Amino acid sequence: MTPRLVSKTVCWVTCVALLSTATAAQENTPSPPSEIRQGGYVEKVDPSADYRDRVRRVPPREPADSLASFHLPPGFRIEQVAAEPLLADPVDLAFDENGRLFVAEMIPYAEGGTSQFGSPEGRVSMLEDTDGDGRFDRSQVFADKLVWPTGLACFDGGLFVVAAPDLWYFKDTDGDGRADVRELVVTGFETSNPNALPNSLRWGLDNRLHGMTSTAGGLLRAVRWERQHGAVAEPVQSRGRDFSLEPRTGQLRLESGGGQFGMAFDAWGRKFQSSNSNPCDMVMYEDRYIARNPFLAAPASRINIWKSGAAVYRTSPPEPWREVRIEMRVAGAFSGPVEGGGKSTGYFTGACGLMVYLGDAWPDEFVGNGFVCEGSGNLCVRMRLEPDSVGFAAHRTEVGHDFLTSDEIWFRPIQFTNGPDGNLYLADMYRELYEHPDAVPPSVKKHLDLTAGKDRGRIYRIVREGFHQPPPAKLGERTTQQLIDLLAHPNFWHRNTASRLLYQRQDRQAVPRLVEMAAESQSPLGRMHAMAVLDGLNALTPETLLAGLNDDHPRVREHAVRLSERIQQEAPAVRARLCALVADPDLRVRYQLAFTLGELPGMPATDALAEIARRDAADPWLRMAVLSSCTARAGPLFSMLAKDGDWRASDAGRVLLGQLAEQAGWQNLDDQIADVLSTLELFGPTETSLSKTVVAGLTKGMAGAKNPLLARLSADGGSRAGTLLAEMLAQSRTIAGDEDQPEAVRVQAVRSLATAPFQVAHDVLPDLLSASQPASVQIAAVQTLGRFQEPEVADLIVRAWPGFSPSVRGEAAEALFARPERIRALLTAIEDRVIQPNQLDPARVAFLLNHPDVAIRTTAESLLGGVKLARRDDAVAAYRDALELTGDRLRGKAVFKRDCSACHRLEDVGFDLGLPLLAIRTRGREGILIHVLDPNREVNPAYANYIAVTADGRSVTGMIASETATSITLSRGEGQTETVLRTNIDEMINTGLSLMAEGLEKQLSKQDVADVIEYLMTVEP
């Protein structure tokens, strides 16, 4: 994240703050007594309804009685290893090196019944098994006075604990079982949502502590690092990513990820996460590789790999309150999603606690399987992870039932961990209410006890039949040599704990034995861990790495490639071997190599990248890895690849050459651009299409970098590129205006004019703004004009405004609000009655009325001060009569196409921004009315509208579709997306408003509303 992202443009902050204040004032206006607002939810109260008898309370069971409620596959049993009063509300587990179990207890989870933080009753307890029978019989509060502790990791005799907004380090130095050291390590995690807190601290193969920031993120400060270095660390925005920590120094680093709750590494260090309805995502690359190329707009790092649908198979009865809530939502009496087609249960809604089983106490077929909790359904799901290109695909293993279920609704599994005995351990919060308190209707909630279970909690382990308790593992008492031997242990807990202890001890006497193990261990995992520990001791040598790079096992080779990055500069033999690995038969080795070669200087590494590209360019992940490594070598790489005639004629070759040319343009280095231009001269007359792809990529990059050479290139008709560019622009001008051409072809031609000189675009684009043109062509013309900085842009758009449909006006407003000088032209147009005030959405009007520029604000007040921004409650009330009208489905479909399809897609009409409508009929007619007229009543954070302010003063708005180390992609209506490189962003602002604009009633009659409701109620899922 660049420093410019930390609020450089003060006027925008002020303006949005004022807008937020105005919105808050509107929201704080007393609602009609028939409605209760609760967080982001609204209940329409029915005075005659009394849910007391329906919301019957289900009593808890005593710990011993709960065991009879479980169902497991044959050959397994579940054992209770701890229960109240030893602990309460466990949400994470961590075994230390001596087998003591530390438990994060989120006791005040639902306290207060709101999303606000509760009292500091959260704590961490230390459990001990004093008689070695596998069950914990002693409990000691290790650290207390925490609000919501959600993640633990042992280190150096102490414990890292994440409890938002902070990450702490606790340690007991006097032996009384309670922490007397309480050190703040990191601060800044978001605390706005109790279901989006940092969690899942894990020790990684890179000798770093990894954790999830969850979906809320936060602006993080490395406090320990600051204290040790006597300097102030630049805070980093972690939204959409995870984090890692060097545990001794506190050095903080952002990592790829961004899941919600539950992170696991497999035996080879590959990373998986879980999030609500996504039981298994995979993280496809490391953030640091993308961060080094600021001009690469990479795809999202975390992808959903779950392939088995949303169904789960609970054996417990639905909670009574949950059945009442779904009925209320279907009837429109309580806001919120209607999932599962209107069913209260039977689908993933709270997937969490993902763990890969890596123990040695179960049959081999289970090793490497994923396990995920579904606390809302009182069950756990097992999945197999199967290779899929460089990633994996996750498939459920059980058919028609799940691995572990309970008949008891109080069973709330939330987190797994691998144990010292080779079994899988499971934390059970054991609460009556597991839901976010705000998501329970107030009329129902008053009959519930939100804190029921805050004094209860259980920990289970799942064992195979015939399992016998092994002697306690006391790794803290082992010698360094004994710990080294454990790096090849078949149980992950032993390998991982031994690795951590060796890193903590920093014992140089371990080096000779580790070197021997890295080369000679019979276990590939042992060889890999030995190399990782040597890296943590700063003792990796070229000889050890060369052995790893030549290892028989592909995962050892892959890990050796990654580890080689730190020492290759001083090791020519390692660099040579890395370059030779382009012929490795394993795809993941080549994938890692494509990233690592970006760390190597010189032409041999460029040659190696070219060889990987020739072999693997058809795989989009391999292409992305090559592009991440092309900084300062995009031109030579392009030249090497383009000289292979057969390869450049392939579809994959065409795509990658265009991308490399664009990178050369973005990097703005004369020698790189010259390489592309000189190579282009070699293309034959039959390769015009490929040549134009290359020129289009190059000019797009040069335009983004504002390279003045682009103008010279456009004027140079003597060079191959200049000639092609002139031909392309001439062709684009012709196609753009040719109404006989397919609409999509015309749109692409219009967009290509963004790289033309303004005069060229000016000659053709104004005609394409005409009302006689298709909306998609008008939108493309508006967007293309909006990319130019010339003052005429605003006049051209304003002049064409009367002919714009509502969907085109949205993009026209985006262009006019993008720059302050255009806002002045907009206000002049309003004064001249070219633009009517009611053609602007209420958020835009409020923006102008509170603008920090005094002149703009004063003018806006005089022109728009009389515009009434109706309260949403009033708008809904005014249109409630529409519910009594007879709707027409066909007319409603036409209304949907005209006014709703910009953001929604139904029956192959419209654009899907992830705002689902297929199940909206389950909300009932009134629920649809509220959704249409009051979109900000309940704003899902995933659909919030953001503003990105660029370095040149332009603003871009939309929903965040994806976020990486180098770019943010924003989506808007009509399927429009824009990716903005972080290096060009001054500021990111969350407006807190829905992507769907308010004020739709201004263009809908009551009959229109009745018709569209009829259509939405009759669309088949």
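Two strands are said to pair if DSSP finds at least two bridges between them. In this predicted model, strand 21 (residues 278-283) and strand 22 meet that criterion, since three bridges join them in the antiparallel sense. Within this pair, Val283 lies opposite Arg302 of strand 22.

Strands 21 and 22 belong to an open sheet of four strands, arranged in the order 19-20-21-22 with antiparallel pairing. Its edges are formed by strand 19 (263-265) and strand 22 (302-304), each of which pairs on one side only. On average, neighbouring strands of this sheet are turned by 30 degrees against each other, direction ignored. In general, the strands of a sheet pair through backbone hydrogen bonds, in either a parallel or an antiparallel manner.

A second open sheet may be considered next. It contains six strands in the order 9-10-11-12-15-16, and the pairing is antiparallel. Here strand 9 (149-155) and strand 16 (236-237) are the edge strands, each pairing on one side only. Inside the sheet, strand 10 (residues 158-163) and strand 11 (residues 166-171) are antiparallel partners connected by six bridges. Val161 is found opposite Trp168 of strand 11.

How confident is the prediction, and what is the average pLDDT of the protein chain? The average is 87, and 88% of the residues score at least 70. Over residues 1-33, however, the pLDDT is below 50. This stretch nevertheless has 57 contacts in the model beyond near neighbours in sequence. Where pLDDT is low, the predicted coordinates should not be read in detail.

Conventions
Residues are numbered from 1 along each chain as its sequence is written. This is a predicted model: local features need pLDDT of at least 70, side-chain atom pairs count only at pLDDT 80 or more; totals for chains, interfaces and linings use all residues. Side-chain values use heavy atoms; hydrogens and water are left out. Helices (H or I, at least four residues) and strands (E, at least two) are DSSP runs, numbered from the N terminus. pLDDT is the predictor's confidence in each residue, from 0 to 100. Contact means heavy atoms within 4.5 Å. Axes are lines fitted to C-alpha atoms, for helices over the stretch in contact, and angles run from 0 to 180 degrees between N-to-C directions.
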